[in-house]
Amino acid sequence: MTTTPVIPHWINGARRESTSGNTAPVYNPATGEVRAQVALANEAEIAEAIESARRGFEIWSEFSIAKRQTILFKFRELLNARKGELAGIITAEHGKVLSDAMGEILRGQEVVELATGFPHLIKGAFSENASTGIDVYSIKQPIGVAAVISPFNFPAMVPMWFFPIAIAAGNAVIVKPSEKDPSASLWMAELWKEAGLPEGVFTVLNGDKLAVDGLLTSPDIASVSFVGSTPTAQYIYETASKHGKRVQALGGAKNHMLVLPDADLDLVADQAINAGYGAAGERCMAISVVLAVEPVADELIEKIKERISGLRIGNGASTPEPDMGPLITDVHRDKVTGYIDIAEADGATIVVDGRNFKVEGHEEGFFVGPTLIDNIPTTSRAYTEEIFGPVLEIVRVKTFEEGVELINSGAFGNGTAIFTNDGGAARRFQHEIQVGMIGINVPIPVPVAYHSFGGWKASLFGDAKAYGVHGFEFFTREKAITSRWLDPATHGGINLGFPQND
């Protein structure tokens, strides 16, 4: 009889076995089998993790910029050399195909590489002789212990949006990974130790809502960074803000692709497939809705159908590699297929139906096939709510203006795209659209690391986007200093008036 392993925490620079007695299953989504249990922290373990991080911050914040930079470079080199190991862990727990897992690591590594060049991004400014004999200058200092609450869909990339910058700036970090795929964070903790990071500077706290609330309310946590659903993002923003913390909480999405009649429909069909079904649709930047400006819808649907028929769905670790893997859990699979049921009940046409999809040899896996829905009513919950699965919906519109109005009237404002050969239309689109990230003939416009990631409206709570300049501003505090060193020969004497700019 074999014992299912229990995934521990990482506290004080080492694996910390839990004594809570509470665990949650971690599945192999391709087979439906439980591959491990993950520990769910109790209050004592939460307190221990926070105290360890607080002590780690006291040590790390006093490290010189040069020493910090050396350790960041070492982490970057170790990650680059061993990223294949991490990709295998992600595929085993999340289910995405290996190339997709590798892709998320490389996008996360962009932020690590940005962070290695941090010195010029945390330096202050100096104004000599701002007033006679007075200099004014600013310095940037770390904020303290930063909490990162990560979603299941990108177990490596999303934490890497935050922790490299936070650590570079001199902070300690506690990562609370998703209970569904926690091992990537633990693997990265081992890598930080090998790179020479002091104990307590990088902590992994596994847990459920108890752990989340412990981080949101602790007076020793200075900031909270989150990516996930909009209701949870709003809860985290409101709770953490009430307890005096900085918050960047990135929520859900319902991303649209506006297709104008002059667009290259073969390009559009290819990109709709990539953006709608890549990572099994489990990404907040996936294209969920294609707004087809007539008369292109029928031709575009045929092209998308043709491409769907050639997609290979299976175990993400298989050789040859499939195009798409399973969803994360059976519960999420049923939620996604439930939205297809809703669309059908509301009068939509199910052009390609991914319900009851089975993969030979993996009949117990959590698979949903690529689904294409036409004539989805814009009043349907299947249209207004985020599905987070391999479901692509077609809405037929008569004009550019109607398409823009549909996008702008939605609750979300994460990402959007326009496909056209008309530069004037594209320029008008980017000006008028009320969305944070825009693609022009690019379906998933995730910014590179030296820009910042984040949406508008119900897709972002808080004032700071992820990574880029926003990241360094979020993880540092500025002090402004006004300094005068008196010349004994010109001592000014007593002056009770308001200071003058002379």
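Is Ser-185 buried or exposed? I began my notes with that residue. Ser-185 is buried, at a relative accessible area of 1%. The cut-off for buried is under 20%. I keep in mind that this is a predicted model.

**Entry 1: around Ser-185**

I placed Ser-185 in helix α5, which covers residues 183-195. I then looked up its contacts, leaving aside neighbours within four places in sequence. Ser-185 touches Pro-155, Pro-159, Val-175, Pro-177, Phe-202 and Val-204.

**Entry 2: the record**

I checked UniProt for a domain. An unreviewed entry there lists residues 18-481 as "domain: Aldehyde dehydrogenase". In the model, I find 40% helix and 21% strand in that span. The C-alpha atoms at the two ends of residues 18-481 are 46 Å apart.

**Entry 3: helix α4 and its partners**

I took helix α4, residues 157-168, and looked at α2, residues 65-94. Their axes approach to within 9 Å, and the crossing angle is roughly 150°. An angle over 145 degrees counts as roughly antiparallel, and α2 and α4 are therefore roughly antiparallel to each other.

I listed the residues on both sides. From α2 come Arg-68, Leu-72, Phe-75 and Leu-79, and from α4 come Met-160, Phe-163, Pro-164, Ile-167 and Ala-168. Sorted by class, this contact has eight nonpolar residues, no polar ones and one charged one.

Next I turned to α3, residues 98-116, against α4. Here the axes come within 8 Å and cross at roughly 10°. The limit for roughly parallel is under 35 degrees, so α3 and α4 are roughly parallel to each other.

The α3 side of this contact holds Glu-104, Ile-105, Arg-107, Gly-108, Gln-109, Val-111, Val-112, Leu-114 and Ala-115. They meet Met-157, Met-160, Trp-161, Pro-164, Ile-165 and Ala-168 in α4. By class I have eleven nonpolar, two polar and two charged residues for α3 with α4.

I also looked up Leu-106, which lies in helix α3. Leu-106 is partly exposed, at 39% relative accessibility. I compared its place with that of Arg-307. The two are 201 residues apart in sequence, and their C-alpha atoms are 27 Å apart in space.

**Entry 4: a sheet of three strands**

In what order do the strands of the open sheet with β7 stand? I read the order as β6-β7-β23, with antiparallel pairing. The edges are β6 (126-131) and β23 (476-484), each with a single partner strand, so each has one side without a neighbour in the sheet. On average, neighbouring strands here are turned by 30° against each other, direction ignored.

I went through the two pairings. Strand β7, residues 134-142, is joined to β23 by nine bridges, and the two run antiparallel. Within this pairing, Lys-140 has Glu-478 of β23 as its bridge partner. Between β6 and β7 I find three bridges, also in the antiparallel sense. There, Phe-126 is bridged to Tyr-137 of β7.

I looked at the turn as well. The hairpin of β6 and β7 has two residues between the strands, and Gly-133 in this hairpin has a positive phi near 75°.

**Entry 5: backbone exceptions**

I noted a general rule before this search: most residues other than glycine have a negative phi, and most peptide bonds are trans.

Which residue does a cis peptide bond join to Glu-294? The residue is Pro-295, and omega is about 25°. I find Pro-295 in the loop between β14 (287-293) and α9 (297-308). A cis bond also runs from Thr-319 to Pro-320, with omega near 0°. Pro-320 sits in the loop between α9 and α10 (330-345).

For phi, I stopped at Ala-280, which is not a glycine yet has a positive value of about 55°. Ala-280 is in the loop between α8 (265-277) and β14. Its relative accessibility is 2%, so Ala-280 counts as buried.

Asn-356 is another residue other than glycine with a positive phi, near 60°. Its loop lies between β15 (349-352) and β16 (371-374). Asn-356 is exposed, with a relative accessible area of 74%, and the limit for exposed is over 50%.

Key:
Residues numbered from 1 in each chain as written. Predicted model: local features only at pLDDT ≥ 70, side-chain atom pairs only at ≥ 80, totals over all residues. Heavy atoms only, no water. Axes fitted to C-alpha atoms, helices over the stretch in contact; angles between N-to-C directions. Helix = DSSP H or I, 4+ residues; strand = E, 2+ residues; numbered from the N terminus. Parallel < 35°, antiparallel > 145°, perpendicular 65-115°, else oblique. Contact = heavy atoms within 4.5 Å. Nonpolar A, V, L, I, M, F, W, Y, C, P; charged D, E, K, R; others polar. Pairing = 2+ DSSP bridges. UniProt positions renumbered as here; feature names shortened; annotations may be inferred. Buried < 20%, exposed > 50% of the residue type's maximum accessible area, 1.4 Å probe, protein only.
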